[in-house]
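Here are some worked exercises to help you find your way around a structure that is new to you. Keep the view open, try each task, and then read on through the steps.

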Amino acid sequence: MNNNNAPLLTLDKVSKSYGHGQAVNNVSLAIRENEFFALLGPSGSGKSTLLRMLAGFETPTSGSIFLDGRDISPIPPNRRPLNLMFQSYALFPTMNVRDNIAYGLEMERLPKDEIAQRVDAMLATAQLQEFASRRPDQLSGGQRQRVALARALIKRPRVLLLDEPLGALDKKLREKMQLELKRLQNEIGITFIVVTHDQEEALVMADRMAVLKDGQVSQCGTPTELYENPRNRFVADFIGVSNLIEGTRLPGNLIEAGGQTLRIEPTPEEVSGQIALALRPERLQVLGPTTRTCDNEVNGQVVEVAYHGLDTNLHVSTPVSGKPLIVRVSSSEHEFSSFMTGMPIRLGWNSQHARVLSR
């Protein structure tokens, strides 16, 4: 990512209303040059509407969109230096890979020599040289996606907009293409804005991301910031998996939950009354007789064991939460322990690993 912090693209109090209500509500964001930025949220959160407004296919009801300080809200899609790549890829089925990639440059009536040179360079960057003469129906899903990306990138947009770009791919190919997208973005050096509902995808690819709910930004920051320091319950629950422990704030950095007193990190005094602790599964420890003491320890009972290959998730019923706490145990650790449903278990965690959220 470019270290230049000056925003390339700015959304200033952007809203979009339809007859049935507001799809986007007063969104302000600043996206930097050469940044990989993700718009993340559940269905109906407004992320695709926001992307369509950036592309020019929708007009904001209020607010403005600036590119390099210039308001592009009134500029039609074909005159914006932004390119939108749809999930369907929309490749021309009768054209081979080379002609699909060259199409946009031909429409600009560039000299044939320049088109050939730029297409050759893009084929190399996207690692598509050996497929140049094939038609889309002779390619795999990942190869078709690379062709669609190459066709969008060859026009050298300031910003590439991607709407669920990996949605049509299977899990293994998605994981491979996440790294491929990141590689292309780094090599070509333009701003990518991707819409996705897949939290893991955003965590892997994005430099920063904005989590949307009901048309508003719940939180914006780096993947680490959002995962480790969620601002509210929605973000804590939406990004990855969180255990939420409901409790009552007590004096002295303590809370009471399920009849037990738990230690928390020092928080502002205004965070009082009913609060919640957000605790990631990997931060919980299974305590044995020789395990060092944690800030907080609770007794429980295993109600479910879910094996995932690399790790095992234990669902543990405890007095401190109405729902079972999820504990992630690595497979190497699991080898030496026989976890079974019904067995008693003791869990522990340190206070700095639990995020305090007000209700």
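Helices here are DSSP runs of H or I with at least four residues, strands are runs of E with at least two, and they are numbered from the N terminus. The model you are looking at is predicted.

**Exercise 1. Find what follows helix α5, and check the span of α5.**

Step 1. Go to the residue that follows α5: this is Gly189, and its phi is positive, near 75°.

Step 2. Now take the helix itself. α5 has 18 residues, and at 1.5 Å a residue these should span 26 Å.

Step 3. Compare that with the model: the end C-alpha atoms of α5 are 26 Å apart, which agrees.

Step 4. Look for its buried residues. Among them are Arg174, Met177, Leu181 and Leu184. The buried residues of α5 pack against β3, α3, α4, β7, β8 and α6 (199-205).

**Exercise 2. Decide how far helix α4 is enclosed, and describe how α4 and α5 cross.**

Step 1. Start with the span again. The 13 residues of α4 (residues 141-153) should cover 18 Å at 1.5 Å a residue, and the end C-alpha atoms, 18 Å apart, agree with this.

Step 2. Count the buried residues, using the cut-off of under 20% relative accessible area. In α4, 12 of the 13 residues pass, so the helix is largely enclosed by the rest of the structure. Gly141, Gln143, Val147 and Ala150 are among these buried residues.

Step 3. See what surrounds them: the buried residues of α4 pack against β6 (82-85), α2 (97-107), α3 (112-125), β7 (159-163), α5 (171-188) and β8.

Step 4. Turn to the pair of helices. Two packed helices are described by the angle between their axes and the distance between the axes. For α4 and α5, the axes come within 11 Å and cross at roughly 20°. That makes α4 roughly parallel to α5. Their crossing is right-handed.

Step 5. Pick out the contacts. On the α4 side are Gly141, Gly142, Gln145, Arg146, Leu149 and Leu153, and they meet Leu173, Met177, Glu180, Leu181, Leu184 and Ile188 in α5.

**Exercise 3. Place strand β3 in its sheet and explain why it counts as largely enclosed.**

Step 1. Trace the sheet: it is open, has 6 strands in the order β6-β7-β8-β3-β9-β10, and its pairing is mixed. β6 and β10 (216-221) stand at the edges with a single partner strand each, so one side of each lacks a neighbour in the sheet. From one strand to the next, the twist averages 20°.

Step 2. Look at the partners of β3. With strand β8 (residues 191-196) it pairs in the parallel sense over 5 bridges. Phe36 stands opposite Phe192 in β8, and Ala38 opposite Val194. Strand β9 (residues 208-213) also runs parallel to β3, joined by 4 bridges, and here Leu40 stands opposite Val211.

Step 3. Check the two faces. In a regular strand the side chains alternate between the two faces of the sheet. In β3, Phe36, Ala38 and Leu40 lie on one side, Phe37 and Leu39 on the other, and all are buried.

Step 4. Conclude: 5 of the 5 residues of β3 (residues 36-40) are buried, so the strand is largely enclosed by the rest of the structure.

**Exercise 4. Trace the sheet that contains β16, then find out whether Asn296 is buried or exposed.**

Step 1. This open sheet has 5 strands in the order β15-β19-β16-β17-β18, paired antiparallel. β15 (285-286) and β18 (325-330) are at the edges, each with a single partner strand, so each has one side without a neighbour in the sheet.

Step 2. Follow one pair: β16 (residues 296-307) and β17 (residues 311-317) are antiparallel over 6 bridges. Gln301 has Ser317 in β17 as its bridge partner.

Step 3. Asn296 lies in β16. Its relative accessible area is 2%, so it is buried.

Step 4. Leaving aside residues up to four places away in sequence, Asn296 touches Leu262, Arg263, Leu347, Gly348, Trp349 and Ser351.

Notes
Residues numbered from 1 in each chain as written. Predicted model: local features only at pLDDT ≥ 70, side-chain atom pairs only at ≥ 80, totals over all residues. Heavy atoms only, no water. Buried < 20%, exposed > 50% of the residue type's maximum accessible area, 1.4 Å probe, protein only. Pairing = 2+ DSSP bridges. Expected span 1.5 Å × (residues − 1). Contact = heavy atoms within 4.5 Å. Axes fitted to C-alpha atoms, helices over the stretch in contact; angles between N-to-C directions. Parallel < 35°, antiparallel > 145°, perpendicular 65-115°, else oblique. Left-handed = near helix turned anticlockwise from the far one by under 90°.
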